[in-house]
Amino acid sequence: MKNAGYTADGGMADYCIVPADYAVKVPDELDSASASSITCAGVTTYKAIKTSGVCPGQWLLIAGLGGLGNLDLQYAKNVFNAMDVNDKQLAFAKEMGADILVNPLKEDPAKVAQEKVGGVYIAVVTAVAKSAFNQAVDSVRAGDCFVGVGLPSETMDLSIPHLVLDGIEVVGSFVGTRQDLKKAFQFGAKGKVVPVCHMRPMEDINDIFEEMEQGKSKGRMVIDMTK
């Protein structure tokens, strides 16, 4: 796979050398744009679901359906519930196969989860809002697990009696191992997970950040360094 390295004269290089201990071969069936998304967002979300221990047929809540959440949703396809505060992102989630959609600005996610499915077995939060973390914990049924991935600046409000008496497990998940990345690549190569990528030139970088801040982005923005 070609990489965005630099030559001695400051130009772009076609290849770069990296230590084998920190490299994972990209399958031939996977294009560079998709691989770049899986290398970052894909392995992070795959690891979170793996860490949760969710099983087929169990309800999984995904809070935050942006660049990470859309891949999280695909890795857990057909066994999840999804929520986001952005109706456009929710529509996007529906396209990706979400079974139940909840906008926390209009409904209480925990109440919906408890009423419709008796609570979720696993809640994975890729959002960066404190409220998403608190709501997700309340959505989990007794004896099951909450996995935090997003990094909001605030602290969570955890009810110790709720965690102890209901046996709720709270876990943090950060990126993944080389073996996790290898597995994540394999799902992509087989077409089970298809990253939603938009190739953009470098001069669009400021527009991309603005779109992200306004919640307009769907999937991952990939900078095309060849243009």
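**Figure 1. A close-up of Ser153, a residue in the loop between S7 and helix H6 (160-166).** Welcome to this predicted model; we start with a single loop residue. Ser153 counts as exposed because its relative accessible area is 76%, and the cut-off for that class is over 50%. Look also for Lys130, which is 23 residues away from Ser153 in sequence. In space, the two are 8.0 Å apart, C-alpha to C-alpha.

**Figure 2. Asp157, found in the loop between S7 and H6.** Which residues does Asp157 contact, leaving aside its neighbours within four places in sequence? They are Lys130 and Asn134. Phe133 is another useful landmark for this view: Asp157 and Phe133 are 24 residues apart in sequence, with 8.5 Å between their C-alpha atoms.

**Figure 3. The whole protein chain, for orientation, with its eight helices and 10 strands.** The chain has 227 residues, and buried residues make up 44% of them. Now consider contacts between residues at least 6 apart in sequence: 55% of these join residues at least 24 apart. The next views pick out some of the places where parts of this chain come together.

**Figure 4. The largest nonpolar core, a set of 28 residues.** Five members touch the most other members of this core: Ile38, Leu60, Tyr75, Val124 and Phe185. Several elements each give two or more residues to the core, namely H1, strand S3 (60-63), H2, strand S6 (120-125), strand S7 (140-148) and helix H7 (178-189). Which element gives the most to this core? That is H1, with seven residues. A second, separate core has 19 residues, among them Val112, Ala127, Ala136 and Val137.

**Figure 5. Phe185 and the residues it touches.** Phe185 is one of the five residues that touch the most other members of the largest nonpolar core. Not counting residues up to four places away in sequence, Phe185 touches Val24, Lys25, Val26, Pro27, Leu30, Ala35, Ile38 and Thr39. Ile38 may look familiar, as Ile38 is also among those five core residues.

**Figure 6. The aromatic rings of Tyr46 and Phe187, whose centres are 5.9 Å apart.** The count of aromatic pairs comes to two. In the pair shown here, the planes of Tyr46 and Phe187 meet at 50°, so the pair is tilted. This pair links distant parts of the chain: Tyr46 is in helix H1 and Phe187 in helix H7, 141 residues apart. Is Tyr46 buried or exposed? Tyr46 counts as buried because its relative accessibility is 16%, and the cut-off for buried is under 20%. Phe187 has a relative accessibility of 27%, so Phe187 counts as partly exposed.

**Figure 7. The second largest pocket, with a volume of about 190 Å³.** Of the 10 residues lining this pocket, those closest to its centre are Tyr46, Ile49, Gln74, Tyr75 and Phe187. Tyr46 and Phe187 are the tilted pair from the previous view, while Tyr75 appeared earlier as one of the core residues that touch the most other members. Helix H1 (32-52) and helix H2 (69-75) each supply at least two residues of the lining. H1 gives the most, with three residues. How many residues of each class are in the lining? There are six nonpolar residues, one polar residue and three charged residues.

Key: Residues are numbered from 1 along each chain as its sequence is written. This is a predicted model: local features need pLDDT of at least 70, side-chain atom pairs count only at pLDDT 80 or more; totals for chains, interfaces and linings use all residues. Side-chain values use heavy atoms; hydrogens and water are left out. On a 1 Å grid over the protein atoms alone, a cavity is a set of points where a 1.4 Å probe fits but cannot get out, and a pocket is an open set with protein on both sides within 12 Å along at least five of seven lines; lining residues have an atom within 4 Å of a point. Grid points are joined across faces, edges and corners, and a volume is the space filled by probe spheres set on the points. Helices (H or I, at least four residues) and strands (E, at least two) are DSSP runs, numbered from the N terminus. Ala, Val, Leu, Ile, Met, Phe, Trp, Tyr, Cys and Pro count as nonpolar, Asp, Glu, Lys and Arg as charged, and the others, Gly among them, as polar. A nonpolar core is a set of buried Ala, Val, Leu, Ile, Met, Phe, Trp, Tyr and Cys residues joined through side-chain atoms within 4.5 Å. Buried means under 20% relative accessible area, exposed over 50%, partly exposed in between (1.4 Å probe, protein chains only). Contact means heavy atoms within 4.5 Å. Rings of Phe, Tyr and Trp (its six-membered ring) pair if their centres lie within 6.5 Å; planes under 30 degrees apart count as stacked, over 60 as edge-to-face and the rest as tilted.
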